[in-house]
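Biologist: Please put the model on screen. I have some questions about its charged pairs and its helices.

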Amino acid sequence: METKERIAKSVPQKGFFGHPKGLFTLFFTEFWERFSYYGMRAILLYFMYDTVANGGLGIDKTTATSIMSIYGSLVYMSGIIGGWVADRILGSRRTIFWGGVLIMLGHICLALPGGITLLFISMVFIILGTGLLKPNVSSVVGDIYEPGDNRRDAGFSIFYMGINLGSFLAPLVIGAVQKNYNYHAGFSIAAIGMFLGLVMYKITEKKNLGMAGAKPTNPLNEEERAKLIKNSIIFLVVAAILLAIAGFFGWISISNAVNFFTVVGLLAPITVFIWMFTSKKTKAEEKSHLLAYIPLFITGVMFWIIQEQGSTILARYAEGRTDLTIGSFEIAPAWFQSLNPLFIIIFAPIFAALWVKLGKRQPSTPIKFSFSLFFAGASFLIMIIPAVLSDGKTLVSPFWLVASFLLVVFGELLMSPVGLSATTKLAPEAFAAQTMALWFLTSTAAQALNAQFAKVFDKVSEVQYFGFLGGAAIVLFLIMLMLSPWISRKMGSIK
């Protein structure tokens with residue numbers, strides 16, 4: 001087993017803004033992966049429910065929105081598979097490459113006129129591909145720095161800037177291509193983006209990354225490999241039998257699939273939590289930390305329920321309820337998906353500087369979590385105003401959506417980096433990686449619930465929908481404020 005120091009020393013340590021050369025490779029790999037994913041996501045919902053005459057699939061809006069939410073839920077869940085494949089079989093570097101290949105194949109499927117069948121095939125490719133690539137790129141970023149290297153945090157900041165740049169540019173470019181040509185042309189750009197990322201990765205990988213991520217950290221032995229093959233065959237046979245039975249009784253439908261994956265998305269984090277809490281490897285103090293983690297986890301789920309609706313419910317609002325003309329200029333609905341990464345690029349440095357300036361006087365982790373819900377709730381409650389002013393019928397100013405996206409980003413900057421940090425600190429020593437996976441399952445559970453909320457949106461008024469979810473976030477904000485002293489006590493010495 002190579003030491004972390006030796007792995008880092010194998011990477012050229014200067015060459016990308018004073019950082020290891022490997023950061024260049026990983027920055028642009030993640031840039032193009034996010035470009036392809038967020039570009040595809042910006043137009044996918046519209047593609048699903050647009051009419052066949054306009055080049056869409058003609059799925060009804062409620063079903064399309066539910067599919068979109070379950071899709072997002074499974075993308076987040078698949079990261080657990082990616083981490084395991086890298087650790088036990090391929091190593092991070094090869095896992096990243098094959099993940100990128102699957103993502104590209106998924107976009108190619110969407111670029112071809114193949115109807116609903118190719119849509120679902122593309123989703124399988126992209127879910128698996130993103131699960132293989134995304135967690136492992138971040139892991140290799142950590143590997144290119146020696147332990148104690150004071151450039152590490154700055155390196156991750158540069159890396160995350162690549163994520164947000166890709167996420168910002170993609171809806172603008174692919175939204176414009178879709179608007180001026182068609183959906184398949186837009187998806188083609190997403191496929192080309194991932195292809196460019198793969199080419200850059202392979203050209204620079206050996207020279208820039210040294211030994212980082214080259215080998216699995218805990219490879220399967222022969223006995224484990226044989227057991228894996230056996231269990232995989234059994235799983236596939238059982239799954240095929242269950243699918244055949246479901247098909248025979250007519251149980252296979254989009255609605256039933258959405259409901260099934262909603263249950264899976266909710267059970268996954270509960271199962272992981274119970275497994276860690278009841279394990280003999282978890283010490284008494286660590287169990288106290290896990291109890292403190294429960295309200296933080298629930299807060300995370302509530303926050304992502306609202307934040308993730310930016311690509312579903314608010315995307316529909318942009319297309320159907322918003323005045324998209326400013327003078328003689330017409331806005332593409334997909335462009336609103338660039339607001340979130342744009343605001344993160346602008347405000348993340350301001351928040352980071354604020355925490356540095358406040359030092360020990362900055363709010364505690366539970367308080368930051370609490371206020372993330374305040375901003376999330378406000379981002380939905382503000383949408384009641386245009387609903388009332390327009391009587392739910394006439395088109396409204398696009399600046400209402402801009403305000404909603406801005407407010408939720410303030411919440412995200414309180415929630416996302418703090419959540420990652422708190423997870424690493426509260427994780428039981430024996431389950432460090434699994435606890436990080438548990439944090440990402442907040443998004444899995446949120447998206448699973450959003451698949452059900454999508455069914456409600458068309459049955460109630462906008463005032464009721466935005467008011468209920470926004471109000472729920474504010475109520476949970478107040479509860480979290482009251483619970484914060486208890487959470488801090490359970491966290492013990494961890495701040």
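Biologist: How many salt bridges does the structure hold?

Modeller: This is a predicted model. A salt bridge here needs a side-chain nitrogen of Lys or Arg within 4 Å of a carboxyl oxygen of Asp or Glu. The number of salt bridges in the structure is 9.

Biologist: Which residue forms a salt bridge with R88?

Modeller: The pair links distant parts of the chain, 136 residues apart, with R88 in helix α4 and its partner in helix α9. R88 counts as buried because its relative accessibility is 14%. The closest N and O atoms are 2.8 Å apart, and the partner is E224.

Biologist: Which residues are joined with E205 into one network by salt bridges that share partners?

Modeller: E205 forms a salt bridge with R93, with 2.7 Å between the closest N and O atoms. E205 lies in helix α8 and R93 in helix α5, so this pair ties together parts that are 112 residues apart in sequence. K202 also forms a salt bridge with E205, at 3.1 Å. The residues joined with E205 are therefore R93 and K202.

Biologist: Are α3 and α6 roughly parallel or roughly antiparallel to each other?

Modeller: Contacts between them involve I67, Y71, L74 and V75 in α3, which meet F120, M123, I126, I127 and T130 in α6. The axes are 9 Å apart and the packing angle is about 30°. Angles under 35 degrees count as roughly parallel, so α3 and α6 are roughly parallel.

Definitions and conventions: Residues numbered from 1 in each chain as written. Predicted model: local features only at pLDDT ≥ 70, side-chain atom pairs only at ≥ 80, totals over all residues. Heavy atoms only, no water. Axes fitted to C-alpha atoms, helices over the stretch in contact; angles between N-to-C directions. Helix = DSSP H or I, 4+ residues; strand = E, 2+ residues; numbered from the N terminus. Parallel < 35°, antiparallel > 145°, perpendicular 65-115°, else oblique. Contact = heavy atoms within 4.5 Å. Buried < 20%, exposed > 50% of the residue type's maximum accessible area, 1.4 Å probe, protein only.
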